Amino acid sequence: MKKYLSSLVCGFGAGVLQIVPFLRTFSCCMILPFAAFLSLLLNQKATKSREKITTKNALLFGIMTGLYAALFGSSLEILITLITKHNDIVTTFPELQRMVENFPVGPEIKKEVLTLFQNVRTDIMTHGFSTVYTISVFVNNFIINTIFGAVGGIVGAQVINSKMNNQAG
């Protein structure tokens, strides 16, 4: 656990930032890769390591940062939804209906999808909690955050290693 403390810290930060309304748009493509990069930097500073970062280590730190960000971000989003009984699905439901109506699928499927979203919206507005919404948030965040954390870890290792090569040479 101590080895991945920097991933925990950076993952927590990324998880918190990914629930901020304006910043959530950038969470997968900017915040998560940067958090993975930062976790590698923090780990190097903490261990006082001057060695090159291996791809395996970079990948592990990126994945761990993504997993922590997913855990904290999803939990906070569900908690805020529970408290406020409001979220993006409640807000954007009319646009969601129009979008589903334009899907190139049969009317039965459109009706099922709209019924599902309506039930999620009603559950959130009534109870502040929807099982379907909770599962979808966790699954989505764990997949997306892990992928982008891994990418950020690998790219971050390349940046750090190239800086070390420039300083040594």
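These are my notebook entries on confidence, aromatic pairs, nonpolar cores and salt bridges in this structure.

**Entry 1: confidence**

I began by noting that this is a predicted model, and I looked up the confidence before turning to any side chain. The mean pLDDT of the protein is 94, and 98% of its residues reach 70 or more. I then looked for the extremes, and found the lowest confidence in helix H4 (residues 88–91), at a mean of 92, while the highest is in H3, at 97. I keep in mind that where pLDDT is low, the predicted coordinates should not be read in detail.

**Entry 2: aromatic pairs**

I searched the whole structure for aromatic pairs and the search returned five. Among them I followed Tyr-4 and Phe-61, whose pair is tilted, with 5.1 Å centre to centre and 55° between the planes. Tyr-4 sits in the segment before helix H1 (5–17) and Phe-61 in helix H3 (residues 55–84), so this pair ties together parts that are 57 residues apart in sequence. When I checked accessibility, I found both Tyr-4 and Phe-61 buried.

The next pair I looked up was Phe-12 with Phe-72, where the ring centres are 5.0 Å apart and the planes stand at 85°, so I recorded the pair as edge-to-face. Phe-12 belongs to helix H1 and Phe-72 to helix H3, so the two rings tie together parts that are 60 residues apart in sequence. I asked myself whether these rings are buried or exposed, and the values place them in between: Phe-12 is partly exposed, with a relative accessible area of 41%, and Phe-72 is also partly exposed, with 24%.

**Entry 3: nonpolar cores**

Which residues make up the largest nonpolar core? I listed nine residues in all, namely Tyr-4, Phe-37, Leu-40, Ile-53, Ala-58, Phe-61, Ala-157, Ile-160 and Met-164. Going through the helices, I found that helix H2 (27–47), H3 and helix H7 (131–168) each supply at least two residues of this core, and that the largest share, three residues, comes from H7. I noted that Tyr-4 and Phe-61, the tilted pair of the previous entry, are both members of this core.

I then picked Ile-160 and looked up what it touches, leaving aside residues up to four places away in sequence; its contacts are Phe-37, Leu-40, Leu-41, Gln-44 and Ile-53. I also found a second, separate core of seven residues, which includes Ile-89, Val-120, Tyr-133 and Val-137.

**Entry 4: salt bridges**

Side chains of opposite charge can pair when their charged atoms come close. My search of the whole structure gave three salt bridges, and I took them one at a time.

Glu-77 forms a salt bridge with Arg-24, and I read 3.1 Å between the closest N and O atoms. Glu-77 is in helix H3 and Arg-24 in the loop between H1 and H2, so the pair ties together parts that are 53 residues apart in sequence. On accessibility the two partners fall into separate classes, for Glu-77 counts as buried at 14% relative accessibility, whereas Arg-24 counts as partly exposed at 27%.

Arg-24 also forms a salt bridge with Asp-88, the closest N and O atoms being 3.3 Å apart. Since Arg-24 lies in the loop between H1 and H2 and Asp-88 in helix H4, this pair ties together parts that are 64 residues apart in sequence. I recorded Asp-88 as partly exposed, with a relative accessible area of 44%.

The remaining entry is Glu-95 with Arg-98, where the closest N and O atoms are 3.7 Å apart. Being three residues apart in helix H5 (residues 93–101), Glu-95 and Arg-98 are separated by about one helical turn. Glu-95 counts as partly exposed at 42% relative accessibility, and Arg-98 as exposed at 51%.

Which residues do salt bridges with shared partners join into one network? I found that they are Arg-24, Glu-77 and Asp-88.

**Entry 5: Met-99**

I finished with Met-99, whose place is in helix H5, and which counts as partly exposed at 44% relative accessibility. I looked up the separation of the C-alpha atoms of Met-99 and Phe-117, which is 12 Å for two residues that are 18 residues apart along the chain.

Methods
Residues are numbered from 1 along each chain as its sequence is written. This is a predicted model: local features need pLDDT of at least 70, side-chain atom pairs count only at pLDDT 80 or more; totals for chains, interfaces and linings use all residues. Side-chain values use heavy atoms; hydrogens and water are left out. Rings of Phe, Tyr and Trp (its six-membered ring) pair if their centres lie within 6.5 Å; planes under 30 degrees apart count as stacked, over 60 as edge-to-face and the rest as tilted. Helices (H or I, at least four residues) and strands (E, at least two) are DSSP runs, numbered from the N terminus. Buried means under 20% relative accessible area, exposed over 50%, partly exposed in between (1.4 Å probe, protein chains only). A nonpolar core is a set of buried Ala, Val, Leu, Ile, Met, Phe, Trp, Tyr and Cys residues joined through side-chain atoms within 4.5 Å. Contact means heavy atoms within 4.5 Å. pLDDT is the predictor's confidence in each residue, from 0 to 100. A salt bridge is a side-chain nitrogen of Lys or Arg within 4 Å of a carboxyl oxygen of Asp or Glu.
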